[in-house]
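Please read the report below alongside the sequence and the coordinates. It moves from a single residue to the nonpolar cores, and then to the loops and the aromatic side chains.

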Amino acid sequence: FPVTIVAVGETPEAYWTQLGVRLLNGLFGQWQTKGIYNPLLVTGEFVTTTNTPILTLGYDLSDINNPVLGDIPVMFGDIQDVQIQQGTVVYKLHKGPMSEYFAKSVKSSVSIPNFWATDYQLPISKLFLYPSPQSGLTVRVIGSKKIVLIKDSQEATVFDEIYRDALLYNLAASLYPFFKQEGGIDQEIIYKAKASVGGLRAKAIAMKMKNLQN
């Protein structure tokens, strides 16, 4: 949806409109990191051919003449699971921090990985596997795509209708410090901003809950 910031009775100014865009992108980033945004999960796969302890994720299209594609060309905002498949057998890997990966010894040992860590860099991030995977294994990464940031007020971005109130009232609350009023911010805006996000967070948590095993 287009973003236009204007005071009552005034015409839009480029500065305030761009401020609205920056704050909206900031909301996107917060929702991604806090698990409020609940998009469809996507899966990316890569088949190992040699000793490849580090896989690249994402893509860089800044140079249209020399695009860079990662081993798995998906821009993940959040990774929920990493699996290794060998034939019909699927192994679930343990997630850990980068510090744990760097503390491991003999990283050159080759086997079926049981650990993964990532640095979440943009536009190309890295997926670290330990032990280093042998050839012929399918590495499967499951997660949600990064929210695509908008560059200007007329650029469209697609969100489900359930995000409307959360976007509207949280953006209004974020803008208040730049448009302060003598009576303070309308408390109804604060209430609706919190209430709308609470429902989205519950939906996101429900999506990520693991099924009970028999």
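Is Asn-25 buried or exposed? In this predicted model, Asn-25 is buried, with a relative accessible area of 14%, which falls under the 20% limit for that class and is therefore counted as such. The residue belongs to helix H1, which covers residues 14-34. Although Asn-25 and Leu-171 are 146 residues apart in sequence, their C-alpha atoms are 9.9 Å apart in space.

**Overall content**

The chain contains four helices and eleven strands, and 37% of its 214 residues count as buried. Of the contacts between residues at least 6 apart in sequence, 65% join residues that are at least 24 apart.

**Helix H3 and the two cores**

Leu-171 is one of the buried residues of helix H3, a group that also includes Ala-166, Leu-167, Tyr-169, Asn-170 and Leu-175. The helix itself runs over residues 164-175, twelve residues in length, and spans 17 Å from its first C-alpha to its last, which is close to the 16 Å expected at 1.5 Å a residue. As a general point, an α-helix has 3.6 residues a turn, so residues three or four places apart point the same way.

In soluble globular proteins, nonpolar side chains tend to be buried together. The largest nonpolar core of this model has 17 residues, and those with the most contacts inside it are Phe-76, Val-82, Leu-127, Val-139 and Val-141. At least two residues of this core come from each of E1, E2, strand E4 (76-86), E9 and strand E11 (138-145), with E4 giving the most, namely four residues. Another core, of 13 residues, lies apart from this one and has Leu-27, Trp-31, Leu-171 and Leu-175 among its members.

Within the largest core, Leu-127 can be followed in detail: leaving aside neighbours within four places in sequence, Leu-127 is in contact with Val-82, Val-139 and Val-141, and also with residues including Pro-53, Ile-54, Leu-55, Leu-57, Trp-116, Ala-117 and Thr-118.

**A buried threonine in a loop**

Thr-48 sits in the loop between strand E1 (42-47) and strand E2 (54-60), and at 2% relative accessibility Thr-48 counts as buried. A polar atom of the Thr-48 side chain lies 2.6 Å from the backbone oxygen of Gln-134. Apart from neighbours within four places in sequence, the contacts of Thr-48 are with Pro-133, Gln-134, Ser-135, Gly-136, Leu-137 and Val-139; Val-139 is also among the residues with the most contacts inside the largest core.

**Backbone features in loops**

Several loops carry backbone angles that deserve a careful look, and they are collected here.

| Site | Feature | Value | Location |
|---|---|---|---|
| Leu-122 and Pro-123 | cis peptide bond | omega about 0 degrees | Pro-123 in the loop between strand E8 (115-118) and strand E9 (124-130) |
| Tyr-130 and Pro-131 | cis peptide bond | omega about -10 degrees | Pro-131 in the loop between E9 and strand E10 (132-133) |
| Val-106 | positive phi | about 50 degrees | loop between helix H2 (98-103) and strand E7 (110-111) |
| Tyr-120 | positive phi | about 50 degrees | loop between E8 and E9 |

Neither Val-106 nor Tyr-120 is a glycine, despite the positive phi. Val-106 is exposed, with a relative accessible area of 55%, whereas Tyr-120 is partly exposed, with a relative accessible area of 34%. The loop between E8 and E9 thus holds both Tyr-120 and Pro-123.

**Aromatic side chains**

The structure holds three aromatic pairs. One of them is formed by Tyr-101 and Phe-102, whose rings are edge-to-face, 5.6 Å centre to centre and with 70 degrees between the planes. The two partners differ in their surroundings, since Tyr-101 counts as buried at 4% relative accessibility, while Phe-102 counts as exposed at 52%. Together with Phe-128, Tyr-101 and Phe-102 form one aromatic cluster.

Lysine side chains also meet aromatic rings. The charged end of Lys-107 sits over the ring of Tyr-101, 5.6 Å from its centre, and Lys-104 lies over the face of Phe-115, at 4.7 Å from the ring centre.

Key: Residues numbered from 1 in each chain as written. Predicted model: local features only at pLDDT ≥ 70, side-chain atom pairs only at ≥ 80, totals over all residues. Heavy atoms only, no water. Expected span 1.5 Å × (residues − 1). Buried < 20%, exposed > 50% of the residue type's maximum accessible area, 1.4 Å probe, protein only. Polar contact = N/O pair within 3.5 Å; in protein donor to acceptor, adjacent residues only side chain to side chain. Contact = heavy atoms within 4.5 Å. Phe/Tyr/Trp six-rings, centres within 6.5 Å; stacked < 30°, edge-to-face > 60°. Lys NZ or Arg CZ within 6 Å of the ring centre and 35° of its normal. Core = buried A, V, L, I, M, F, W, Y, C linked by side-chain atoms within 4.5 Å.
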